[in-house]
Amino acid sequence: MNTTLLRALLHDALYQVLDNKVFRILVVVIGLLVLLPLFLGAKETGLEIFFGIWSFPYATFIDGLGGMLGGSNNALSSMTDSELQEICVQIYQSFITDGLMGNLGIFICLAATAFFIPQMIEKGAADTIFSKPVSRITLLLARYITGVLFVGLLSTLLVVGTHVSLLIGSGISDPAFLWNALALTYQFSLLYAMTVLVGVLTRSTVASILLTVLFLFFNGFIHFAWTGIQMGREGEMEIAEPLEETGSGISVTVNGEEKTKEELVLETSEEDAGWFISLLWNTTQTLHYCLPKTGDAETIAAKLRGSFGDSGDSPFKDELMAFELKSLPPGFESIDPAELGSTGELFPPAEDGTIVFAAREANHPDGARLLIYRRAVVEAPSGLSGRMRRESTRAIEKLFEAWLAADESRQQLSLDRLNIADGTTWSHSARDFRWTAFRSDKTWNVRTLIAKDGDWFGMLQLEIPEGAEEDEAVAEHFGGRDYMFGSGSLVGMQAARNPSAWYAEKLDWTAEWKYSIWFSIGSSLGFVLICLALAGFRLSRIDF
């Protein structure tokens, strides 16, 4: 294919997009959405309508923002106007990316581009088009590029226009938001390959739309099923004991053969399951690896946004226990642990360790404080066999509960068992205790988070004196995900049971191949090539 022909095909694709009536209608709709932040600007002091003709302070919208974010109004009330301004901008960005650029946007774009292939191979039109000195496969690729270009231009206009509009109207620039245009285009390009294939096979626009939508739901179901089963299987690995540490990782010897923890659990699961269940799992696994990972586009965009906007500044990091404290609660300052004097309500395992970080309220020396401890995991004889085993998180849980019950001044309120996905095949567990203690003529509300990573136990403890109204924002901050354990984001029970959230934590650029973003993109593009190759083969066999 010479340069002149390629340029002519690209010009023809652009002309077909710009001449499309649906494209023009969508451009008008996008233009209105882009202009909205200009007329309704989120300024530092509040919301301004029509360039300041009407102004409303953020305090007026605290209740509404709390409901939209699912958070506490007390926490929002403690925020500055600039923080509330950022929240308003994030809400609008979320409306664009999760609403308009989600499944709704995909369906609209599919409906607007599905006729490209059937129209090309209609009787009469095909005689004219295929009479040109251009191969049928080349013309097919040109139509595929036309569809992708259709969505690429719209998504770029929407995302870039929104970014510029927010920058002018609110003064906030978020360049990482621009990744969403690429994510939508990428996701559509995977689905549109199926639309092209169905269009060639059926020559029907309606069939192309319906079968592609059905494929989208089937594809999503397969990946969700695989994620749920895989999450359950890896969850079983946590209770596979006894296991020993070796130089190459966690392993156990079975019948003279050394097996890894993952191999042992998977083999046990397969033996327990019947042949039909095994067949079903193998089929699901094969389809998951072969089908396009359309749902990964949003996660990849989120990770690109996070890496683009991450400043890397955090008040505390500990490489030994792979722990990072992302930010301090509002009004806190870091202090030398030696300034604390008494370690307060430390339970026995923590007393054997070291306080590696401490912080307290800057304006209240006797107020809330945040402590981080580190202690090495030890081995102890287990049961009647006397075999040496490493301490588990469950053992620490039982020890902590017994310590709380040993003193009437302490009372346990709740216990959450958490899972931590660290981007590898291993899952770690953590315990989140909430309890009260009477000390120094005060009742303290205490939250203790205990997690294990490799050879270390980490303990993060927040102590807040009861009745301190100014500390409600501190408790709300600590209730969020502003801390990390095990090289991954901490996931609460609700999120840990959600396969999508679990998989999003696993998916990474440096993860093993089945959780690798590179594999996700590579296998998805491979599916696109196969669809286009099949469509091209079928098109070359059609006699017009």
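Strand β2 (residues 46-49) and strand β3 pair in the antiparallel sense over 4 bridges, strands being DSSP runs of E of at least two residues, and helices DSSP runs of H or I of at least four, both numbered from the N terminus; two strands are taken to pair if DSSP finds at least two bridges between them. The model is predicted, and local features therefore need pLDDT of at least 70 and side-chain atom pairs pLDDT 80 or more, whereas totals for chains, interfaces and linings use all residues. Residues are numbered from 1 along each chain as its sequence is written, and side-chain values use heavy atoms, with hydrogens and water left out.

Within the pairing of β2 and β3, Glu48 has Ser55 in β3 as its bridge partner. The open sheet is formed by 3 strands in the order β1-β2-β3, with antiparallel pairing. Its edge strands, β1 (40-42) and β3 (54-57), each pair on one side only, and neighbouring strands of the sheet are turned by 20° against each other on average, direction ignored. Helix α2 (residues 21-39) lies across β1 and β2 and runs at about 60° to β1; axes are lines fitted to C-alpha atoms, for helices over the stretch in contact, and angles run from 0 to 180 degrees between N-to-C directions.

The largest nonpolar core, defined as a set of buried Ala, Val, Leu, Ile, Met, Phe, Trp, Tyr and Cys residues joined through side-chain atoms within 4.5 Å, holds 66 residues, of which Met120, Phe130, Leu140, Tyr144, Phe150, Val196 and Leu539 touch the most other members. Helix α10 (residues 179-202) gives the most to this core, with 13 residues. A second, separate core of 19 residues includes Ile355, Leu415, Ile450 and Phe457.

Met120 is placed in helix α7 (residues 116-120) and is buried, with a relative accessible area of 1%, where buried means under 20%, exposed over 50% and partly exposed in between, for a 1.4 Å probe and protein chains only. Not counting residues up to four places away in sequence, Met120 touches Ala125, Ala126, Ile129, Phe130, Leu139, Leu140, Arg143 and Leu539, contact meaning heavy atoms within 4.5 Å. The C-alpha atoms of Met120 and Leu139, which are 19 residues apart along the chain, are separated by 9.2 Å. Phe150, with neighbours within four places in sequence left aside, is in contact with Val17, Asn20, Phe23, Leu26, Ala112 and Thr113.

Helix α10 packs against helix α20 (residues 517-541) at an angle of about 20°, with the axes 9 Å apart. The two helices are therefore roughly parallel, a description applied to angles under 35 degrees, with those over 145 counted as roughly antiparallel, 65 to 115 as roughly perpendicular and the rest as oblique. Their crossing is left-handed, in that the near helix is turned anticlockwise from the far one by less than a right angle, a clockwise turn being right-handed. Residues of α10 that meet α20 include Tyr186, Val196 and Leu201, and those of α20 include Ser520, Phe527 and Leu539.

Helix α6 (residues 103-113) and α10 pack at an angle of about 45°, with their axes 11 Å apart, so that α6 is oblique to α10. This contact is made by Ile106, Cys109, Leu110 and Thr113 of α6 and Leu184, Gln187, Phe188, Leu191, Tyr192 and Thr195 of α10.
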